[in-house]
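Work through the exercises below with the sequence and the coordinates at hand. Each task is followed by its solution.

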Amino acid sequence: MSLNQSFSRRFFLKTTSFTAALAFIPKGVRSIYEEVKRFIVPSKDVIPLMVSINKKEYSIKADTRTTLLDLLREDLQLTGTKKGCDHGQCGACTVHIDGERALSCLTLAAMIPGKEITTIEGLSEGDKLHPMQEAFLECDGFQCGYCTPGQIMSAVSCVKEGHTGSVAEIKEFMSGNLCRCGAYNGIVESIQKVAK
Amino acid sequence: MGFFDDKSEFFNVADARVDGIAKVTGRGKYSAEYDVENLCYGVLVGSTIPAGKIESFQLDLARQVGGVIDIITHLNKPTIPGLADDAKIAESRIGLPVFHTDKIYFKGQPIALVIAETLEDATYAASLLEAEYITESFAVDFEMEQIKFPLSVTGKERGSMDAWSNAPHVVEQEYTIKAEVHNPMEMHATIAQWMAEDQLKLYDKNQGVNSVQRTIGKVYNIPPENIEVISEFIGGGFGSGLRVWPHTLAAIMGAKKVNRPLKVVLTRQQMFSGVGYRPESWQRLKLGADKDGIFLGILHQAKHSTSVYENFGEGITRVTRLIYALANLKTESATVPLNLSTPTWMRGPGDCTGDFAVESAIDELCYQLNMDPVEIRLKNLSLEKSPETGLPWSTNYVNECIEKGAAMIDWKQRKSQPGQSREGDWYTGYGMAVGMWNAGRGNASAAVILQKDGSITVQTAMTDIGTGTGTAVQNIAHEVTGIPKSKIKVELGNSNLPPAPSQGGSNGLSSVGGAVVAAIDALKLQLAGLASKSNTFFKEAKATDVLLSENGISFQSTNNQFVSYSDILSNAELNSMEAEGSSGPGEERKIYSFNSSAAHFCKLRVNSRTGKVKIERMVCVADGGKIVSEKPAANQISGAAVGGIGMTLMEALEVDKNVGGLIADDLAGYHFSVNADVPMIEVAFINKPDPNINPSGSKGLGEVGIIGCAAAIANAIYNATGKRMRDLPITPDKILLAF
C-alpha cells in the first residue's frame, strides 16, 4: 500500500511539473489532472457537529481528521486534557465518555455526538474539588502535573470500577497512565484514600 | 501571570504544593496551551537517511494541501545572523544549525517546517513532502565504533597504578549501558510570536528561561531583554530542557517568515531524536583491595556516544573520584561520534552511568572477599574530606544514609552467598549501592512584593519542572517572614522576573533559596528605613535586627517596638513595596567541598523460568541537607528511584544498524516504569542542614535519587541468582541466557 502510494505520488509530481509547463494543454487533459489531484491530495472535510462536553452543548465545525483530544485542546481551549503521545500509549489524554475512561487521542471528534464527554475541567463542581483532586493534593500524587489530569480521570474510574482491592490491583489498573516523574506512590495513596 | 495564586478559590489543603490546584484542575498552562490570536501551526519533517546531503525537495504536493501557508527549508529560510556562516555556527553553540545546512547528520534531522492554518493541515502536508538525497556512509553501531576511538586521561591521576599491581584481590570487568531517553510526559513545544522587528515572545518548554533568552538573543543579534520567555508550567524535563533545540529555533524562524504567531509541538517520535538522550556507554573498571577489603586502587575507563556534528562530554568517571578514599586512581575516557542526534545531560548525568560500574565492581569484590557490601563501603568512605579537592566536606552523611537504609530494609535477612533463597522458580536477593553528587549553587535573584495587608509575592525566573521549587520558595519565605503560606504567592518561569540559573544539576533550590532570603533581607531594610521615621528604634537597623510577621515589623524580639505594614506603607503613601536580592556561592567554596548523597537498597525476586525481575522493596535514604518541603522532596527521591528501575530493567534507545535510524521510538516500543513495575518506594532523609552551602541549609536532591539505583538492583539480582549482569537494561532475555 505505501509502496503504491509513493509510486503514485512520484508519478504525480513528475506530471505536475510537466503539465504546469504546458499551459496550453487541452481542457480535457486539465480536468483529468484535477481529478487525479483530488484523488492524491484529498480536500479536507469539515462537518458540523453537536457535542456535549462537561454538560455544555457545543455546536461546532470540525475537520473529519480531528481527534477529540485536538478538538478539546486546539479548538475549545480545554487544555486540561493532555497530549503525551497521540498514539494511545500513555493515558495523558484520558477523559470520560458516557462515564467510562477513554483515550481522547484515539477518538475522533466525529464519533462523539450523542455521547457525554467529561474532562478534568468538568470534574470539579464549581469551586468544590472532586475528592480525587483533593486526594492528589494531599498525597502529592504528581510532580510536573502533566499526566495528572489523565491520572485523575483514570483514578476516578478505577475506584468506580472497583479495582482498589490492594496496592497491586490499583497499580495494575493504573498502568495505562504513565508518569515519567514517577509519582506512583502518591497516585496509589490518593486512590486508596478515596476508595476507603 | 499570577497563575500560582488561584488556590484561594478552593479550600486550602495543608502542605499542598503552591501550584497544586492548577495542576489537579488542569488549569495550569503548559507552553503549547496558550490561546494566542491568529496562531498557525508548524510541523517538522525529518530526514529519511542518516548521512549525506539534501539534493532536492519535492514540495508541490504539500503546497497544494488546503491551509498550507508556507514551507521552510534550507533553500528559502530567512537567514539568522548568528548562523550566517560556519564560524558563526560554531560560535553560537547552537549545535544543529537547523535549515542552515544541506548536510544530513542523522535520520530524523529536521529538514523542513510545514506551516499551515490547522494542525491537521500541517500534519497532512508534512506527510506529503519528500526530499531526494545523496547518501553517504554512516556509523550508528556504538559497540563497533567505540573500538576505533582511543582513551585519553581525564582528570588528575592519584598515586600510581604500579602501587597496587600486586593487590591480592582484583575485579576487572566491563560494563555497558544502552542510551536512554528523557521522555518527559509533555512533548517539547514552542509558540513563537514576534511582537516587533526585534522583539520576541516565546512560550517555550525548557529548564532555564534566561538561558533560552541569551541563546536566542545571541543568534538573532538582539538584546536578551527584547525576548520574553514564558515557561510557567513545565511537564517534566530531566535534562531535556537544558538546551535550545532545533524545533524552538524553527518556530522562531517560521513565525518571522509568515509574520504570525506559530506553534511547533514535537511528536512523541520526534522527542527521541529532537531533545537529547543519555548516551550509550562502555566502561572498563579495575578495582583492587587488600585482604581486609581496603581499596588499594582503581582504574576507570569510559567511552560514550556523541553525534558527528557536536561533541558532548558526559563525565562518567567524575563520581569515581568522589565517594571513596582511593589513594591510587586513574580515569580515562573517550567520546564516540555516531550518526545520531547529540546526546545531553539526563538525570544524574555521567555519575549515574559511572556509579553503576563502580558500585557493581565493589559488589563483585565483596563476594571475592566474602565481605558484607555495607561493611566494605563503610570501611572505604572518605567521610572527612573530598578525596578529589582535599578540602573538608562541609557535611557528609553518606555513612548515615547507608546505616539507616540497611536498618529499613532489614539487611541482615540478606544471604551472604547467592542463590540461597529460592522458592520454586523464584530466587530472592538483596542488593545495595551508594550515590553521590557534587552539591552546587549558582547566582540567583529574587524579588518580594509586599502589600498593605501583609501578603507577599515572591518572584524569580527559576522554573519548576515538577521538583517543587515553587513550593520550597513559599516554604522558605514563610519560615523567614512568619507570614502564613496562604498569604504568600509565588511567580516563576518568566524571563521578566529576577534572573536565575537553569534548573539542572540539582542546583535549583540551592541557588534560589539564598536569593529569596536576600530579597527578604532587602525588604526588611526598606521597611526599617521607612519605619524609622515614626519609630527611632529602627534607625540604622540591620536586617538581622528586624523581624517580620503577619502584620508588621518589630525590632528584634522587642514586641513593643512594632509597626504595622499598613502604617508603614500608608505613611509613605505606597500601595505596595518591592525589594530585590541576589545570592550566590562565595568564599565557602574555597574552604569546603559539598555533596549530596544517597544509599539505595533493593529486595527483589527473579524468576529463573521467565527471566522476570519483580522488585519487592526499594529503599532510598538521602542526604539533601535540610529538607525544606518534606512531601515534594520525598516525591523527588521516589520518582528518581522509579526512573532508576526503568534504567536498570527496561529502558533502551534501540538503533537499527542497517537503516541507521531509531526503531521502537514511541512509548509502546520504549518502555519506562509504569505503576505496576515498581513497588511503593520507601524514602527517608538524614535532614541535617548544611550550615555552609546557603542560607537555607538545603542541598539539591534531583540527581542522587537515581545515582546508585542501577547497581543496587543489579547487585540484588546477583545475590538472588548468582548471575552477574553488567549490561543495562537487564531485560528478561538476558537473565534467561545467564541461567
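**Exercise 1.** State whether the radius of gyration of chain B agrees with that of a compact globule.

Solution. Take the radius over C-alpha atoms and apply the globule rule, 2.2 Å times the number of residues to the power 0.38. For 739 residues the rule gives a value near 27 Å; chain B has 27 Å, so the two agree. Along the principal axes, the C-alpha atoms fill a box of roughly 80 × 75 × 50 Å.

The model is predicted: local features need pLDDT of at least 70 and side-chain atom pairs 80 or more, while totals for chains, interfaces and linings use all residues. Residues are numbered from 1 along each chain as its sequence is written, and chains are lettered from A and ligands numbered from 1 in the order written.

**Exercise 2.** Find which helix of chain B gives the most to the largest nonpolar core.

Solution. Such a core joins buried Ala, Val, Leu, Ile, Met, Phe, Trp, Tyr and Cys residues through C-beta atoms within 7 Å; buried means 20 or more other C-beta atoms within 10 Å, with C-beta atoms placed from the backbone. The core has 278 residues, and B:Ala62, B:Val114, B:Ala125, B:Val516 and B:Ile717 touch the most other members. Helix H13 (residues 508-531) leads with twelve residues; helices are DSSP runs of H or I, at least four residues, numbered from the N terminus.

**Exercise 3.** Determine how many residues of chain B are in contact with chain A.

Solution. Contact requires C-beta atoms, placed from the backbone, within 7 Å. By this criterion 59 residues of chain B meet 60 residues of chain A. H16(B) gives the most to this side of chain B, with seven residues.

Notes. A residue is buried if 20 or more other C-beta atoms lie within 10 Å of its own, exposed if 12 or fewer, and partly exposed in between; C-beta atoms are placed from the backbone. Helices (H or I, at least four residues) and strands (E, at least two) are DSSP runs, numbered from the N terminus. Two residues are in contact if their C-beta atoms, placed from the backbone, lie within 7 Å.
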